[in-house]
Amino acid sequence: MNKRIQKLSSSNLIIIAAVLLAAYLMLILAVTNLGQTRLNESQHRELTLKVQSYASILEYFFSVTSEEVSDLTTDRAMTTFFANLASGMSMEYGLGASLMKLDYELNKLIKTKLVNKIPVYERFILAGYDGDVIVDTAENIQLQVDVDRLQNSAEGTHVIHSRKEQNNPRIEVYQPVYYSGRPVAYLIADINISVIIEQLTAQEYEGSQSRMLLSSASDDILVWNSISEENIEQSNIIFFELPIENTPYQLKGWFSPVNDKDIFTSGWFVAGISFLAVPVIVGLFYTFNINNANVILRTKFEESHKQQRVLAVKNERLVEEIDLRKASEQKLAYQATHDALTGLPNRKYGNEQLERIIADAIENDSKVLVMFIDLDNFKQINDTLGHLAGDSILIESSQRLLSAIEDSSVLARLGGDEFLLIIPNLSDENYAQALSSIILSLFDHPFTWKNQEFFITASIGMSIYPQDGANTHQLLAAADTAMYWVKQDGRNAYRFYETSMMTDALRTLDLDGRLRQAINNDDIVMYYQPIFDLVTNRIIGAEALMRWHDEKLGFISPEEFIPLAEKNGLIHRLGEIAISQACQQAARWQSIMPMKISINFSSIQFRYCDKLFSQLKQGLIASGLPANRLDIEVTESLLFNHTQEVVTLLNALREEGVELTIDDFGTGYSALSYLQKFPFDKLKIDRSFLIDIDQNEPNRELVSAIIAMAKALNIQVVAEGVETKWHTDFLIQNGCDYGQGYYYSKPLPADVFERLLYKSRVPQSVA
């Protein structure tokens with residue numbers, strides 16, 4: 001009985017123990033499953049917050065960079081550059097400085113805008129609306145940008161993912177640049193993808209079993225991957241996809257869940273652990289202590305190794321950045337002081353060198369030679385052969401000049417075709433003359449461009465310290481003035497500065513300003529010298545002559561102010577004055593006596609034939625003067641260098657009824673072909689042939705021949721400079737038609753000439 005009870009009790013105890021053990025195991029399994037479910041839910045919530053946090057970080061990052069790029073388009077350096085560009089400023093006088101400033105500001109932003117000590121921007125490109133690159137901060141500078149993809153996008157700042165470099169995706173932020181209310185360029189910023197990856201991997205580690213992509217329609221950027229391709233294909237993988245607001249990107253994430261099939265979290269594993277609870281727990285406890293120590297050591301070692309790798313990479317980047325900055329500074333310093341085409345010192349650096357040499361000369365009591373070297377007729381090369389040929393000539397000219405000077409000398413390019421040569425410790429003027437002769441001889445050899453040879457000469461102006469100036473400004477001005485006089489005297493020579501040159505230059509400068517004032521104040525007036533019929537001794541016309549009396553300088557001869565007007569472009573204004581006043585007066589005088597009015601024109605005015613023809617037509621229409629009462633006088637030099645436009649203009653004037661006279665015949669390139677080719681009505685014998693004609697038999701024969709030739713061609717002849725009765729008798733005897741000169745009358749103001757007309761008024765025919 002006791003045994004049965006004992007056996008029963010043992011059975012019950014076994015059953016109870018088994019039930020308790022089963023209940024214990026089922027409880028463990030239930031708790032495990034519940035814990036697994038809660039763990040999955042907790043993991044899902046945690047991952048959701050993590051992905052949302054990453055998305056918010058990216059939205060904020062792109063928002064800040066977009067605003068920063070937008071601010072750059074209105075930055076002072078940006079607006080200054082486009083203002084200088086719009087005003088037509090050259091690279092030499094301001095545009096280059098503003099471009100350099102803009103390049104500096106963009107590079108500065110790349111270096112200073114950091115996130116966790118990583119540059120936010122890799123590159124800035126400023127491209128014109130036509131795609132031409134204006135500024136590129138990269139070492140490998142682009143020349144052209146495809147702006148079609150930018151122009152077809154919506155307006156405003158955009159984050160785009162549009163291009164690859166060596167199969168690497170790139171992220172760009174761009175913004176249109178506006179000036180005066182219209183788009184003029186695009187500012188494009190390359191985002192450093194490393195910054196984005198750094199921010200999106202702050203919470204990731206190798207064991208996290210996750211993968212993240214920054215995805216767009218054009219390409220994907222792999223941010224992080226610690227999960228195998230096999231695990232990604234599992235159906236229970238956790239996947240997130242969140243759009244990044246205001247960008248074309250979506251953040252995609254794959255995360256491995258706490259899987260029931262994983263041996264370390266499954267019910268079977270828990271059941272097995274339950275049967276081996278005690279020994280396993282004891283063994284695990286011992287193993288845990290050992291493994292924990294190993295994990296701590298291994299973690300510390302890996303962290304230390306990782307820090308060493310990061311530090312090494314940062315050190316390498318720092319060294320590279322320092323080298324790049326030094327190279328950039330050296331490049332900018334060279335560009336700021338040297339001419340980009342020839343490699344010579346530029347104007348600024350040349351002036352600085354001259355200041356230094358003058359300071360040494362003051363200390364050593366020595367002389368300094370300053371040379372201005374200007375290539376003659378260089379503009380013709382650019383106009384005929386093109387600027388590439390001109391650049392080739394400038395480069396070769398600089399090389400020739402360098403071959404003729406010593407190492408202590410300084411050769412600089414001032415701009416265009418002007419060079420500055422500075423010779424320190426000048427011994428005497430003989431050396432300067434010898435050096436000038438050598439330099440001029442350098443240009444005796446031809447230049448070659450595309451198998452075509454041509455020659456160029458040079459003009460040299462020289463000044464010497466201290467006799468011609470005590471500072472840089474005075475010496476340069478003196479050398480420039482001397483070079484100007486060489487140009488005036490025919491070029492291809494050298495000349496030292498003289499004090500009288502500056503006096504003449506100052507008068508020319510003063511005369512230029514006062515001539516402009518005289519034109520604006522209507523101080524230029526027309527005088528009229530009558531033209532007489534030699535046989536009837538009656539007035540048949542007048543030549544309009546320009547006169548100017550200045551309040552300060554007194555009477556200014558036309559021989560002085562007309563050449564000046566031809567150089568400074570005022571000759572066209574003077575032409576308008578002559579046409580207007582002469583036509584108005586001649587139209588008024590027709591009621592007193594039918595007569596013709598003659599007007600002289602400079603060959604410069606015939607370079608703009610359409611403008612001259614328009615002025616003449618307007619003068620005739622405004623005054624009401626008949627076209628056949630107007631006589632246009634042209635010089636022989638115009639005919640020698642005439643163009644087809646000149647021929648067309650003369651024929652058009654002749655068709656309008658205007659008469660044409662060749663002026664100063666015999667003093668230039670006189671040729672019978674001119675009289676046959678052009679529709680002249682008259683020719684004028686220059687006054688120089690009549691000065692001593694009574695004593696100079698060759699002149700008498702020449703005048704007789706000119707008159708005979710004109711008569712043979714049915715051209716009337718006017719003699720200038722008729723001053724004696726002998727002149728009149730000789731001209732009548734040889735068949736000359738008309739004469740003008742002091743024998744009849746000097747040039748008269750309009751009112752005096754009008755009184756002369758009234759006195760001479762009798763019915764007569766007009767030639």
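In this legend set, helix pairs count as roughly parallel at angles under 35 degrees, roughly antiparallel over 145, roughly perpendicular from 65 to 115, and oblique for the rest. The model is predicted: local features need pLDDT of at least 70, side-chain atom pairs count only at pLDDT 80 or more, and totals for chains, interfaces and linings use all residues. Residues are numbered from 1 along each chain as its sequence is written, and side-chain values use heavy atoms, with hydrogens and water left out.

**View A. Helix 17 and helix 19 cross at roughly 15°.** Helix 17 spans residues 609-623 and helix 19 spans residues 644-656. Helices here are DSSP runs (H or I, at least four residues), strands likewise (E, at least two), both numbered from the N terminus. The two axes come within 10 Å. Axes are lines fitted to C-alpha atoms, for helices over the stretch in contact; angles run from 0 to 180 degrees between N-to-C directions. Helix 17 and helix 19 are therefore roughly parallel. Their crossing is right-handed (near helix turned clockwise from the far one by less than a right angle; anticlockwise would be left-handed). Cys609, Leu612, Phe613, Leu616 and Lys617 of helix 17 meet Glu645, Val646, Leu649, Ala652, Leu653 and Glu656 of helix 19. Contact means heavy atoms within 4.5 Å. By class, this contact has eight nonpolar residues, no polar and three charged. Nonpolar covers Ala, Val, Leu, Ile, Met, Phe, Trp, Tyr, Cys and Pro; charged covers Asp, Glu, Lys and Arg; the others, Gly among them, are polar.

**View B. Helix 9 packs against helix 13 at about 115°.** The pair joins residues 347-364 with residues 472-488, axes 10 Å apart. Helix 9 and helix 13 are therefore roughly perpendicular. The crossing is right-handed. Helix 9 brings Asn351, Leu354, Glu355 and Ile358; helix 13 brings Thr472, Leu475 and Leu476. Four residues of this contact are nonpolar, two polar and one charged.

**View C. Helix 21 meets helix 22 at roughly 45°.** Residues 697-712 form helix 21, residues 725-733 helix 22, and their axes come within 11 Å. Helix 21 and helix 22 are therefore oblique to each other. Helix 21 passes helix 22 in a right-handed crossing. On helix 21, the contact uses Arg700, Val703, Ser704 and Ile707; on helix 22, Trp726, Phe730 and Leu731. That gives five nonpolar residues, one polar and one charged.

**View D. Asp339 and Arg413 form a salt bridge.** The N to O distance is 3.1 Å. A salt bridge places a side-chain nitrogen of Lys or Arg within 4 Å of a carboxyl oxygen of Asp or Glu. Asp339 sits in the loop between helix 8 (277-337) and helix 9, and Arg413 in strand 13 (residues 410-415). The pair links distant parts of the chain, 74 residues apart. The whole structure holds 23 salt bridges.

**View E. Two loops carry backbone details worth a close-up: Tyr465-Pro466 and Lys117.** A cis peptide bond joins Tyr465 and Pro466, with omega about 5°. Pro466 lies in the loop between strand 17 (458-465) and helix 13. Lys117 has a positive phi, near 65°, in a residue other than glycine. Lys117 belongs to the loop between strand 1 (114-115) and strand 2 (118-119).

**View F. Residues 7-11 have pLDDT below 50.** The mean pLDDT of the protein chain is 82, and 84% of its residues reach 70 or more. pLDDT is the predictor's confidence in each residue, from 0 to 100. Beyond near neighbours in sequence, the stretch 7-11 has four contacts in the model. Where pLDDT is low, the predicted coordinates should not be read in detail.
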